[in-house]
Amino acid sequence: MKNFHIITNELKDKNLVVTRKLQSIIEEKGGMSQVVLFDVKSNGKSLMEEAFLEDADCALVLGGDGTLLRVAREA
């Protein structure tokens with residue numbers, strides 16, 4: 001896997017500390033990553049409009065159970 005999308009709930013990862021660390025590890029290993037901020041207010045509806053998974057080999061979701069379930073539903 002080379003192309004990762006990191007979908008982050010900003011309320012769970014304040015200042016994107018974990019997100020940036022994960023992105024750094026992926027890039028150190030030769031992968032590429034794109035960060036998508038999960039919009040809690042819209043329940044992630046904007047994710048599908050962006051076709052965010054078309055070029056992803058793997059999607060990593062940072063948040064809670066609700067974030068994971070909403071992203072899975074939208075995907």
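**Note on a predicted β-α-β-α-β-α chain**

1. A polar contact of 3.3 Å joins the side chains of Ser33 and Gln23. Start there when you open the model, which is predicted. Ser33 sits in strand β2, residues 32-38. A second polar contact, of 3.2 Å, links the side chains of Ser33 and Glu27.

2. Is Ser33 buried or exposed? Ser33 counts as buried because its relative accessible area is 16%, and the cut-off for buried is under 20%. Leaving out residues up to four places away in sequence, Ser33 touches Phe4, Ile6, Gln23, Ile26 and Glu27. Gln23 and Glu27 are thus on two lists for Ser33: they are among the residues it touches, and their side chains are its polar partners.

3. Now the overall layout. The protein chain has three helices and three strands. Along the sequence they follow the pattern β-α-β-α-β-α. Of the contacts between residues at least 6 apart in sequence, 72% join residues at least 24 apart.

4. Next, burial and surface. The protein chain has 75 residues, and 33% of them are buried. Its accessible surface comes to about 4,900 Å². Carbon and sulfur atoms account for 53% of that surface.

5. Which residues form the largest nonpolar core? There are five: Phe4, Ile6, Ile26, Cys58 and Leu62. Two elements, β1 (3-9) and β3 (58-62), give two or more residues to this core. Two of the core residues, Phe4 and Ile6, also touch Ser33, as does Ile26.

6. Phe4 deserves a closer look. Not counting residues up to four places away in sequence, Phe4 touches Ile26, Met32, Ser33, Gln34, Cys58 and Leu60. Ile26 and Cys58 on that list are also members of the largest nonpolar core.

7. Asn3 is placed in strand β1. Asn3 is buried, with a relative accessible area of 16%. What does Asn3 contact, leaving aside its neighbours within four places in sequence? The partners are Met32, Asp55, Ala56, Asp57 and Cys58. Met32 and Cys58 also appear among the contacts of Phe4.

8. The loop between β1 and α1 (17-28) holds Asn15. Phi of Asn15 is near 65°, a positive value in a residue other than glycine. Most residues other than glycine have a negative phi. Asn15 is exposed, with a relative accessible area of 75%.

9. Leu16 is found in the loop between β1 and α1. Phi of Leu16 is near 55°, again a positive value in a residue other than glycine. Is Leu16 buried or exposed? Leu16 is buried, because its relative accessible area is 13%, under the 20% cut-off. Next door, Asn15 is exposed.

10. Helix α3 covers residues 65-74. Its buried residues are Thr67, Val71 and Glu74. Why do they line one face of the helix? Seen down the axis of α3, the buried residues fall within an arc of 65°, so they share one face.

11. What does the face of α3 turned away from its buried side carry? That face carries the exposed residues Asp65, Leu69, Ala72 and Arg73. Look down the helix axis to see the arc of buried residues.

Conventions:
Residues are numbered from 1 along each chain as its sequence is written. This is a predicted model: local features need pLDDT of at least 70, side-chain atom pairs count only at pLDDT 80 or more; totals for chains, interfaces and linings use all residues. Side-chain values use heavy atoms; hydrogens and water are left out. A nonpolar core is a set of buried Ala, Val, Leu, Ile, Met, Phe, Trp, Tyr and Cys residues joined through side-chain atoms within 4.5 Å. Buried means under 20% relative accessible area, exposed over 50%, partly exposed in between (1.4 Å probe, protein chains only). Helices (H or I, at least four residues) and strands (E, at least two) are DSSP runs, numbered from the N terminus. Contact means heavy atoms within 4.5 Å. A polar contact is a pair of N or O atoms within 3.5 Å; within protein, one must be able to donate a hydrogen and the other to accept it, and residues adjacent in sequence count only if both atoms are side-chain atoms. Accessible areas come from the Shrake-Rupley method with a 1.4 Å probe; for residues, only the protein chains shown count as cover. The arc is that of the directions from the helix axis to the C-beta atoms.
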